[in-house]
Amino acid sequence: MGIFGLALLAAAAIARAAPNCPVVPRQASGTAAWDTAYASARAAVARLSQQDKINIVTGIGWERGPCVGNTAPVNSIGYPQLCLQDGPLGIRFATGTTAFTPGVQAASTWDVDLIRQRGEYLGAEARAVGVHVLLGPVAGALGKIPHGGRNWEGFGSDPYLAGICMAETIEAIQSQGVQACAKHYIVNEQEWMRETMSSNVDDRTMHEIYLWPFADAAHSNVASFMCSYNKINGTWACESDSVQNKLLKQELGFRGYIMSDWNAQHTTVGSANSGMDMTMPGTDFSGGNVLWGPQLNNAVNSGQVSRARLDDMATRILAAWYLVGQDKGYPQVNLRLNVQGNHKENVRAVARDGIVLLRNEGNILPLGRPSRIAVVGSGAVIGRHAQNGCQDKGCNDGALGMGWGSGSVNYPYFVAPYDAIRERASRDGTQVSLHSSDNTNGVQNVVQGADVAIVFITADSGEGYITVEGHPGDRNHLDPWHNGNQLVQAVAAANKNTIVVVHSTGPIILETILNTPGVRAVVWAGLPSQENGNAIVDILYGSTSPSGKLVYTIAKRPEDYGVSIVRGDDNFREGVFVDYRWFDQNNIEPRFEFGFGLSYTNFSYSGLSITSNARAGPATGPTIPGGPADLWETVATVTAQITNTGGVAGAEVAQLYLTLPPTAPPAGPRQLRGFTKLKLQPGQTGTATFKLRKRDLSYWDVGRQQWVVPSGRFTISVGASSRDIRLTGSIDV
């Protein structure tokens, strides 16, 4: 896999050997690795004919190869038919691979070790079946609109958290010798009219919110980017010189290649000259509308696209191939191999540790050994979704594990909640009754007299080429599906020990459920994939204390978000005030704030310590992958002592929020700039360490076109969520 890949493997192994490690964004040593890869790529390109170069940059067409994207081989340099395959949580259309948890569930763990391991396993499976380019991870949609259909593929609505998850996942995938692809670049925030709408975004918002996690991707030496379907300020993403050349290749120093989303290219010459390097899949979905191939050849011969630009395209693609060591001993494509190994252990751990406990009145959880449990709802049992019974998961029948669309995969198996609860109950001698319908008729007879009634409700979303139950990708509303509110009310009316478990692609409005007498606990179980039931049993019975935290805000009303799906162009009027920033800036009380999550134990915070050598002024370092080099340097270190003051082992996600001085433009009262997950025994104290980079203290100065550290006093807030602040301090710059 090459020196670069081996170095990343070693780094990952060292990181795994250090439990409870803080999030310390690593210095990516990508310049030297890229230089070596570029030397090999340039030597190879010098041996190629113009037609060879055209073949490298042009997909062979939709459904004309073994993968969702394919290019022609170039035998003279040993370059294979490149296989590009979805996606962000596994290998689409494969038959023996793992259905990993979606990105949003991984982020909800706030556990960089699990996130990194998930990426390593993704990469290992992709390599084993011969996939050269794994089409993920996802930082767009970031999730500014809670209804957004594909938010679940990404890592939540905060750019800092998304950036850390992008970096960890990319480095882990590429440590296995597989090219990662950062997508969808950029401001692709809804499915409705995604192929015609324009996302009109101001310069500061673009940099501080939407470009931020993609800068992490570039800094982690991601091999490729995928330009999105939408327009950006009136120009198609895959035709935008501003977005592709200026922002990504020049400002962020990205040295890999940009591929089109599938059929997102609109011109031959415009896309080439604006920075796109590879067209996918090479035709439209009917096999026509070829824009590169012979057309690109003609454009080069006529001087509309320079030969230097074609060389640059081919060089970038080959450099990425050399970077991860795919030029030696790479497996042949075989999507039918069983390559799962022990990877289900990561699925269960991420599914479990991404569960967020929202309510636990009277400590009804964890369960002991109840005499009788009632399980209610179609979300508790296997339906068509879990049986791979609908195209790309485009149905919401039964228990839910992921959203729908090209980012979904087949389940090799699926553990439903009812089956896992019944298995555990049989060991305890507990009787389990089931009402597997979402119809309230007859539910009273099932739940009356049970020690607890557990109701499973769902809400789904996905990619816009599939409409599910009237939802065209994006959700039409933020209520639970299948009469979830009414089902909970009916259960709680008959059983005053009701526990609600939510499996959802994103926020739902919980007011009806929370205001229903008898609802004692609410467990936000997210999207647990194939280990659904096992993960929820781990939490319900307390073999693991819940430690997940929300990666988006749950509002009291849909209107409180200040955004919704637009039916024309989106002018991004909220600016930098996305998700919790919007709520904080406008003094809107959320139901559950960003970063919130309960535990079966308690944690205290003490001993805040801050050291800093930060200085005011712009970033002026040489451009490396990710931007100016000095942006990535640590300029302050914050520590705090976290103690488990309860009676059981647990894990706490300590979060650091930064408030900029008044000399900077308004950015909201607080923005996330660090987190650490500490696993602590009862009475144990651990140190939360936060490394702040120059980047973390900077804002984007539109006039100077630079990242700038403002002068004045920065407020440091450390706590258990964005609104549960336990310790405060300051840095004077």
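Let's start in the loop between strand E2 (83-86) and helix H4 (103-109), which is where Gly-87 sits. The peptide bond that joins Asp-86 to Gly-87 is cis, with omega at about 10°. Please keep in mind that this is a predicted model. The points below go through the cis bonds, the positive phi angles, a small sheet and a buried helix.

**Cis peptide bonds**

- As background, most peptide bonds are trans.
- Besides the bond between Asp-86 and Gly-87, the model has a cis bond running from Met-280 to Pro-281, with omega near -5°.
- Pro-281 belongs to the loop between helix H10 (269-273) and helix H11 (294-301).

**Positive phi angles**

- Most residues other than glycine have a negative phi, which is useful to recall here.
- Glu-469 is not a glycine, yet its phi is positive, at about 50°.
- You will find Glu-469 in the loop between E13 and helix H16 (484-494).
- Glu-469 has 45% relative accessibility, so it counts as partly exposed; that class lies between the buried limit of under 20% and the exposed limit of over 50%.
- Asn-483, also not a glycine, has a positive phi of about 60°.
- The loop between E13 and H16 is home to Asn-483.
- Gly-542 takes a positive phi as well, at about 80°, and comes just after H18.

**A three-stranded open sheet**

- Three strands make up an open sheet with mixed pairing, and their order is E5-E7-E8.
- At the edges are strand E5 (198-199) and strand E8 (235-236), each pairing on one side only.
- Two bridges link E5 with strand E7 (residues 231-232), and these two strands run in the parallel sense.
- If you look for the partner of Ser-199 in E7, the bridge leads to Ile-232.

**Helix H18 and its surroundings**

- Helix H18 spans residues 532-540 and is mostly covered, with nine of its nine residues buried.
- The buried residues begin with Asn-532, Gly-533, Asn-534 and Ala-535, and continue with Ile-536, Val-537, Asp-538, Ile-539 and Leu-540.
- Helices contribute to the cover over these buried residues, including helix H13 (344-353) and helix H14 (417-428).
- Strands take part in covering H18 too, among them strand E13 (452-459), strand E14 (498-504) and strand E15 (519-524).
- When viewing any α-helix, remember that there are 3.6 residues a turn, so residues three or four places apart point the same way.

How values were computed. Residues numbered from 1 in each chain as written. Predicted model: local features only at pLDDT ≥ 70, side-chain atom pairs only at ≥ 80, totals over all residues. Heavy atoms only, no water. Pairing = 2+ DSSP bridges. Helix = DSSP H or I, 4+ residues; strand = E, 2+ residues; numbered from the N terminus. Buried < 20%, exposed > 50% of the residue type's maximum accessible area, 1.4 Å probe, protein only. Contact = heavy atoms within 4.5 Å.
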